[in-house]
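Biologist: I should like a close look at a single part of this structure, with its surroundings described in a connected way. Please begin once the sequence and the model are in view.

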Amino acid sequence: MRDGLQAYCRECSAEYYRQRQEAKGRLVRAKVPVPPGSKHCRGCGEVKPHSDWHRRNSAPDGLASRCRTCKAAAGPAGHLRRKYGITEAERDELIASQKGVCCICLAASAVQVDHCHKTGRVRGVVCFNCNSGLGLLRDDPDAMYRAADYLEGNAWKPTLVAPGVYRLPS
């Protein structure tokens with residue numbers, strides 16, 4: 001309107017919106033009465049005090065959309081789904097197929113999901129140290145072969161053939 005106000009009050013407008021959406025066959029969440037200083041959680045459906053919420057500056061009320069408990073419960077599963085495209089059950093199947101041990105060192109328990117950084121494909125589940133080693137060597141097989149040669153005592157030292165010309169060991 002020209003005066004900057006709506007034609008109907010907020011409650012009547014909300015009721016009209018709900019009726020239109022239901023006529024279209026869409027589901028509209030019921031409004032939950034919330035006392036001041038509290039907020040309704042979409043995850044667990046409970047009304048909790050503001051102290052049970054994380055802060056979010058971009059939200060209209062300054063609080064997250066889910067309570068701390070729901071956010072903590074959904075955190076690991078959401079991370080696996082977003083980053084690797086797998087569920088916790090699929091990760092547990094991978095661990096069980098490896099008999100619970102790291103597929104590189106065969107000693108430590110497998111806890112870290114390993115994936116190819118180029119394709120995003122999940123390769124397996126490894127221990128923290130082996131996952132760090134793969135990352136530090138940038139998933140480069142040649143670098144890993146050179147590291148293995150170095151550990152076996154075959155140092156990678158180029159031989160000077162002429163000024164500025166080196167021969168690499170084969």
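What follows is a request about one residue and a single long reply.

Biologist: Please examine Arg 123 closely: with which residues does Arg 123 form a salt bridge? I would also ask that the account then extend to other parts of the chain.

Modeller: The model is a predicted one, and every value below is computed from it.

Arg 123 belongs to strand E6, which covers residues 122-126. It forms a salt bridge with Asp 114, where the closest N and O atoms are 2.9 Å apart. Arg 123 forms another with Asp 139, and there the closest N and O atoms are 3.3 Å apart. This second pair joins distant parts of the chain, since 16 residues separate Arg 123 from Asp 139, which sits in the loop between helix H4 (128-136) and helix H5 (141-151). In general, side chains of opposite charge can pair when their charged atoms come close.

How open to the surroundings are these residues? Arg 123 has 37% relative accessibility and therefore counts as partly exposed. Asp 114 has 7% relative accessibility, so that residue counts as buried. The limit for burial is under 20% relative accessible area, and exposed residues have over 50%.

Asp 139 deserves a further remark on its backbone. Its phi is near 55°, a positive value in a residue other than glycine. The residue lies in the loop between H4 and H5. Asp 139 also has a spatial relation to Lys 118: the two are 21 residues apart in sequence, and their C-alpha atoms are 9.5 Å apart. Lys 118 is placed in the loop between strand E5 (112-115) and E6. With 83% relative accessibility, Lys 118 counts as exposed.

Leu 106 also has a positive phi, of about 55°, although it is not a glycine. This residue is part of the loop between helix H3 (88-97) and E5. Its relative accessible area is 61%, so Leu 106 is exposed.

The salt bridges of Arg 123 can be set beside the others. The structure holds six salt bridges. One of them pairs Asp 92 with Arg 91, with 3.3 Å between the closest N and O atoms. Asp 92 is partly exposed, because its relative accessible area is 40%. Elsewhere, a network of salt bridges links Glu 15, Arg 18 and Glu 22.

Helix H1 spans residues 10-23. It has 14 residues and reaches 20 Å from its first C-alpha to its last, close to the 20 Å expected at 1.5 Å a residue. Just after H1, Gly 25 adopts a positive phi of about 90°.

H1 also takes part in the largest pocket, which holds about 690 Å³ of space. Of the 17 residues lining this pocket, Val 28, Arg 29, Ala 30, Lys 31 and Val 32 are the closest to its centre. The elements that give two or more residues to the lining are H1 and strand E1 (38-40). H1 makes the greatest contribution, with five residues.

Val 32 appears again at the surface. Together with Val 34 and Val 47, Val 32 makes a nonpolar surface patch of about 180 Å². Val 47 is located in strand E2, residues 47-49. Its relative accessibility is 35%, and Val 47 therefore counts as partly exposed. That value fits the patch criterion, because patches are made of residues with over 30% relative accessible area and no salt bridge.

Two further positions complete the account. Cys 67 is found in strand E4 (residues 63-67). At 1% relative accessibility, Cys 67 counts as buried. Cys 67 and Gly 45 are separated by 22 residues in sequence and by 9.8 Å in space, C-alpha to C-alpha. Gly 75 is in helix H2, residues 68-84, and is partly exposed with a relative accessible area of 32%. Gly 75 and Ala 107 are 32 residues apart in sequence, while their C-alpha atoms are 28 Å apart in space.

To return to the part requested, Arg 123 is a partly exposed residue that forms a salt bridge with the buried Asp 114 and another with Asp 139 in the loop between H4 and H5.

Terms used: Residues are numbered from 1 along each chain as its sequence is written. This is a predicted model: local features need pLDDT of at least 70, side-chain atom pairs count only at pLDDT 80 or more; totals for chains, interfaces and linings use all residues. Side-chain values use heavy atoms; hydrogens and water are left out. Patches are made of residues with over 30% relative accessible area and no salt bridge: like charges are joined within 9 Å, nonpolar side chains (Val, Leu, Ile, Met, Phe, Trp, Tyr) within 5 Å. Accessible areas come from the Shrake-Rupley method with a 1.4 Å probe; for residues, only the protein chains shown count as cover. A salt bridge is a side-chain nitrogen of Lys or Arg within 4 Å of a carboxyl oxygen of Asp or Glu. Helices (H or I, at least four residues) and strands (E, at least two) are DSSP runs, numbered from the N terminus. Buried means under 20% relative accessible area, exposed over 50%, partly exposed in between (1.4 Å probe, protein chains only). The expected span of a helix is 1.5 Å times one less than its number of residues. On a 1 Å grid over the protein atoms alone, a cavity is a set of points where a 1.4 Å probe fits but cannot get out, and a pocket is an open set with protein on both sides within 12 Å along at least five of seven lines; lining residues have an atom within 4 Å of a point. Grid points are joined across faces, edges and corners, and a volume is the space filled by probe spheres set on the points.
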